Amino acid sequence: MTSPHHSMRSNLDGASESLSRSRGRDTARHTRETLQKRRAERRILKSTEMEETPPVPPPPAKVLYGTSVGPVVRLKDLQTSASTVTVSHVEMALRACWEDARLLSRSVSEMGQLERALQQIAEAFLARKHDLELHVPEAQWPAAVPTSVPGDVYSSAYPSPVTHPLVALCRALVALHEKMVRYKTHILPLAHVKRRKLGRLFEYVVEGWRDLLIYLTLTMATASSAAAASATGNIQKLAVATGAPDWEDLSIDDAQKLFIQGDKFFLGFGTARSYDVAFRRYMAAARKGLPDAMFMLGAMFENGLGRPKDMAAAVKWYEEAARQDHVEAMFSLGRIHELGDGMATDPGVAITIYREAAERSHHPSMVALGSLLERGYGCEQNIPEAVRWYRLAADAEYAPAQAAIGRMYYLGLGVERNFTDAVIWFRKAAENGSAIALNDLGICYEEGRGVGKDWAMAKTLYKRATEKNHAGGANNYGYLCMKEKNFTEAIRLFHLAMSLGSVDAVYNLATLYEEGCRDGDGAVLTQDVSMAMRYYKEAAEKVCV
């Protein structure tokens, strides 16, 4: 039998549950009506703001843009509002995407990297904007544009090879912009799926920019070849009509185009390499008075490219270019006077020429002048003046000069000896790619001067110098291998260093032949006194030269 108290409690619970359900239905209905009303208000407010609110201002000009093409706008209607695609459209799309990424990165940390990448693409685009405008006509916006460039870009359907990648890039930017607009309200890190979508769209942008650069370069090279061929044709017509070209009838633009054509054949860019054709193009440009062409003629005569080696002719053309303040020609002329190379040396003239080029801020000439002053070759030794020229070039981040300053600190020449400062300069030069500095820094680690002694680091640095074909680095690397009883590797490195001109490597090989060497597996090099004497003699002769 059921207790009355139990029955009463059950009935009260049922009435309460029914009341709660009734109130719940009323509350849900009221909530839905409120949400629908608020959504309608937001839609009205949003449409009003879109009509009255001015566009978002562009990013600061000092950061990205030197010129302005109007405010940043939403791009979702670009396809329907423009019947053609222009370079300005792509620039506008880049600006909009970069601004989207910049605003979104304030709340979504993942967008910072995308912002920087878009900024780099935009800066590179603006740097080539003038070339694009010259080679890209207005293009009709197609119904669908794939993200990759088709192989038949030269078909009649495209007015220019650059047109299709330009349209593809613009379409990819519009798609990326629309996706980022949707994510602007996010305040938390984006979900993995959304990050992946943005990444894929950005990859399309990168592919479009890459293809645009490739076909722009190809179009410019083709146009340059056509212009140079036209200039060459003009010369040939003059030659037929008058028996010899009338160089006064050629413009400096023709000479520049001929020089570019010469570079094309000299480097084999887009065509088979031909030093003979390059020589003739340079000669035509040089006859018009182009100093760059004169310098290239001097280099070709000096190295026997396109014509038999002729140092007298090389000096002649270097002098012609140097008279027009061509610093590379000055440096080459000074080098010939310093080293001779089939001609009588004249270090005094070399110093004069190096100084003229150094005063025009030519860094190799600064180092060459400093070297002659340091050694007193062709002049009175002046080490402080040498240090001054080294430092001027070193402050301009010229690696050979930085290595030279480090050596002066290491030896205490012209400055107070300081191994720590030497290491600092060696490290700077090594970071800038100097093989000499890699070797010198390795010596510091091997000897423990300016840094803690570290043979492992020394071997690493010597190895890097060896990879750059530095004779001293190969010899020092071999010496450490020899100390570690790795005679096979040491002998290989000594032979490499000897082929690169290292006298120390010749001496080290002589010592190995004199004493013989063996590792755990047996003899690596048997004792051979006669071979040792041969190497000792060779080393002595090289030292005495």
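Before I turn to the helices, one definition: the axes I refer to are lines fitted to C-alpha atoms, for helices over the stretch in contact, and the angles run from 0 to 180 degrees between N-to-C directions. With that in hand, and bearing in mind throughout that this is a predicted model, let me take you first to helix α14, residues 363-375, and helix α15, residues 383-395, whose axes come within 8 Å and cross at roughly 160 degrees. Angles over 145 degrees count as roughly antiparallel, and α14 and α15 are therefore roughly antiparallel to each other. Their crossing is left-handed. On the α14 side the contact is made by His-363, Met-366, Val-367, Leu-369, Gly-370, Ser-371, Leu-373 and Glu-374, and on the α15 side by Ile-383, Glu-385, Ala-386, Trp-389, Tyr-390, Leu-392 and Ala-393. Sorted by class, this contact of α14 with α15 comprises 10 nonpolar, three polar and two charged residues.

Staying with two of those residues, I would like to bring in Leu-413, which sits in the loop between α16 (399-411) and α17 (419-431). Leaving aside neighbours within four places in sequence, Leu-413 is in contact with Glu-374, Ile-383, Val-387 and Met-408. Ile-383 lies 30 residues from Leu-413 along the chain, yet the C-alpha atoms of the two are separated by 6.9 Å. Is Leu-413 buried, partly exposed or exposed? Its relative accessibility is 26%, and Leu-413 therefore counts as partly exposed.

The second helix pair is α20, residues 471-483, and α21, residues 487-499, which pack at an angle of about 160 degrees with their axes 8 Å apart. Here too the angle leads to a direct reading, in that α20 and α21 are therefore roughly antiparallel to each other, and the crossing of α20 and α21 is left-handed. From α20, the residues Ala-471, Ala-474, Asn-475, Tyr-477, Gly-478, Tyr-479, Cys-481 and Met-482 meet Phe-487, Glu-489, Ala-490, Leu-493, Phe-494, Leu-496 and Ala-497 of α21. By class, the contact of α20 with α21 holds 12 nonpolar residues, two polar ones and one charged residue.

Finally, a word on confidence. The protein averages a pLDDT of 75, and 68% of the residues score at least 70. Over residues 139-158 the pLDDT stays under 50, although the model has 47 contacts for this stretch beyond four places in sequence. Residues 235-250 likewise have a pLDDT below 50, and beyond near neighbours in sequence that stretch has 17 contacts in the model.

Definitions and conventions. Residues are numbered from 1 along each chain as its sequence is written. This is a predicted model: local features need pLDDT of at least 70, side-chain atom pairs count only at pLDDT 80 or more; totals for chains, interfaces and linings use all residues. Side-chain values use heavy atoms; hydrogens and water are left out. Helices (H or I, at least four residues) and strands (E, at least two) are DSSP runs, numbered from the N terminus. Angles under 35 degrees count as roughly parallel, over 145 as roughly antiparallel, 65 to 115 as roughly perpendicular and the rest as oblique. A crossing is left-handed if the near helix is turned anticlockwise from the far one by less than a right angle, and right-handed if clockwise. Contact means heavy atoms within 4.5 Å. Ala, Val, Leu, Ile, Met, Phe, Trp, Tyr, Cys and Pro count as nonpolar, Asp, Glu, Lys and Arg as charged, and the others, Gly among them, as polar. pLDDT is the predictor's confidence in each residue, from 0 to 100. Buried means under 20% relative accessible area, exposed over 50%, partly exposed in between (1.4 Å probe, protein chains only).
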